[in-house]
Amino acid sequence: QVQLVESGGGLVQPGGSLTLSCVASGITFRDFDMGWSRRVPGKERELVADIEATGMITYRDSVKGRFTISRDNAANMVYLQMNSLTPEDTAVYYCNASRWTTRGLLGPYWGQGSQVTVSS
């Protein structure tokens with residue numbers, strides 16, 4: 001059974017920082033592309049950052065230069081370091097995992113989400 005468990009969310013003031021963590025189980029972690037997405041109530045979920053099994057990284061334009069995604073394959077962990085946070089970053093953040101195989105896409109699998117609130 002695949003499980004993704006996020007942690008590290010919370011309340012932070014504008015300009016502050018938070019680091020989200022996600023631990024995965026039930027998958028061969030090193031073979032999976034890992035990502036962070038977020039959802040604001042009433043809006044579509046949007047991809048924030050993605051780190052592929054190859055190590056290639058992509059970011060949403062609005063977080064470039066502020067957020068950093070990283071992974072630790074030995075620990076089955078993926079992280080999202082968030083700096084210079086603004087109220088527009090307030091959302092529920094979700095960890096996700098997926099992998100292309102010869103049979104097609106495996107996943108995506110999702111965590112339960114972690115609330116990040118940026119407010120003074």
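Hi everyone, let me begin with a term: helices (H or I, at least four residues) and strands (E, at least two) are DSSP runs, numbered from the N terminus. With that in hand, we can place Ser114 in strand S11, residues 114-118.

A quick word on what you are looking at. This is a predicted model, in which local features need pLDDT of at least 70 and side-chain atom pairs count only at pLDDT 80 or more, while totals for chains, interfaces and linings use all residues. Residues are numbered from 1 along each chain as its sequence is written, and side-chain values use heavy atoms, with hydrogens and water left out.

Back to Ser114, then. Is Ser114 buried or exposed? Buried means under 20% relative accessible area, exposed means over 50%, and partly exposed is in between, using a 1.4 Å probe and protein chains only. Ser114 has 10% relative accessibility, so Ser114 counts as buried. Which residues does Ser114 touch, leaving aside its neighbours within four places in sequence? Taking contact as heavy atoms within 4.5 Å, the list is Glu6, Ser7, Gly8, Gly9, Leu20, Ala91, Val92 and Tyr93.

Gln115 is also in strand S11. With 40% relative accessibility, Gln115 counts as partly exposed. Its contacts, again without neighbours within four places in sequence, are Gly9, Gly10, Thr90, Ala91 and Val92. Between Gln115 and Val92 the C-alpha atoms are 4.3 Å apart, although the two are 23 residues apart along the chain.

Now for a sheet. Two strands pair if DSSP finds at least two bridges between them. One open sheet has four strands in the order S1-S3-S8-S7, and the pairing is antiparallel. At its edges stand strand S1 (3-7) and strand S7 (67-72), each with a single partner strand, so one side of each has no neighbour in the sheet. From one strand to the next, the twist averages 15°. For such angles, axes are lines fitted to C-alpha atoms, for helices over the stretch in contact, and angles run from 0 to 180 degrees between N-to-C directions. How many bridges join S7 and strand S8? S7 pairs with strand S8 (residues 77-82) in the antiparallel sense over six bridges. To pick out one residue, Ile69 has Leu80 in S8 as its bridge partner.

Next, the aromatic rings. A pair of aromatic rings is described by the distance of the centres and the angle of the planes. Rings of Phe, Tyr and Trp (its six-membered ring) pair if their centres lie within 6.5 Å; planes under 30 degrees apart count as stacked, over 60 as edge-to-face and the rest as tilted. That rule gives two aromatic pairs. In one of them, Phe32 and Tyr109 have ring centres 6.4 Å apart and planes at 45°, so this pair is tilted. Phe32 is in the loop between strand S3 (18-25) and strand S4 (33-39), and Tyr109 is in strand S10 (residues 104-110), so to speak a link between distant parts of the chain, 77 residues apart. Phe32 is buried at a relative accessible area of 3%, whereas Tyr109 is partly exposed at 26%.

The other pair is Tyr94 with Trp110: their ring centres are 6.5 Å apart and their planes are at 90°, so the pair is edge-to-face. Here Tyr94 belongs to strand S9 (residues 91-101) and Trp110 to strand S10, 16 residues apart. Tyr94 is buried at 14% relative accessibility, and Trp110 is partly exposed at 34%.

Arg45 joins this group too. A charge sits over a ring if NZ of Lys or CZ of Arg is within 6 Å of the ring centre and within 35 degrees of the ring normal. The charged end of Arg45 is over the ring of Tyr94, 4.9 Å from its centre, and Arg45 also lies over the face of Trp110, 3.7 Å from the ring centre.

Last, the charges. A salt bridge is a side-chain nitrogen of Lys or Arg within 4 Å of a carboxyl oxygen of Asp or Glu. How many salt bridges does a search of the whole structure find? The search finds six. Among them is Glu46 with Arg38, whose closest N and O atoms are 2.7 Å apart. Arg38 is buried at 5%, while Glu46 is partly exposed at 24%. Glu46 also meets Arg60, at 3.1 Å from N to O. Shared partners join Arg38, Glu46, Arg60, Arg66 and Asp89 into one network of salt bridges.
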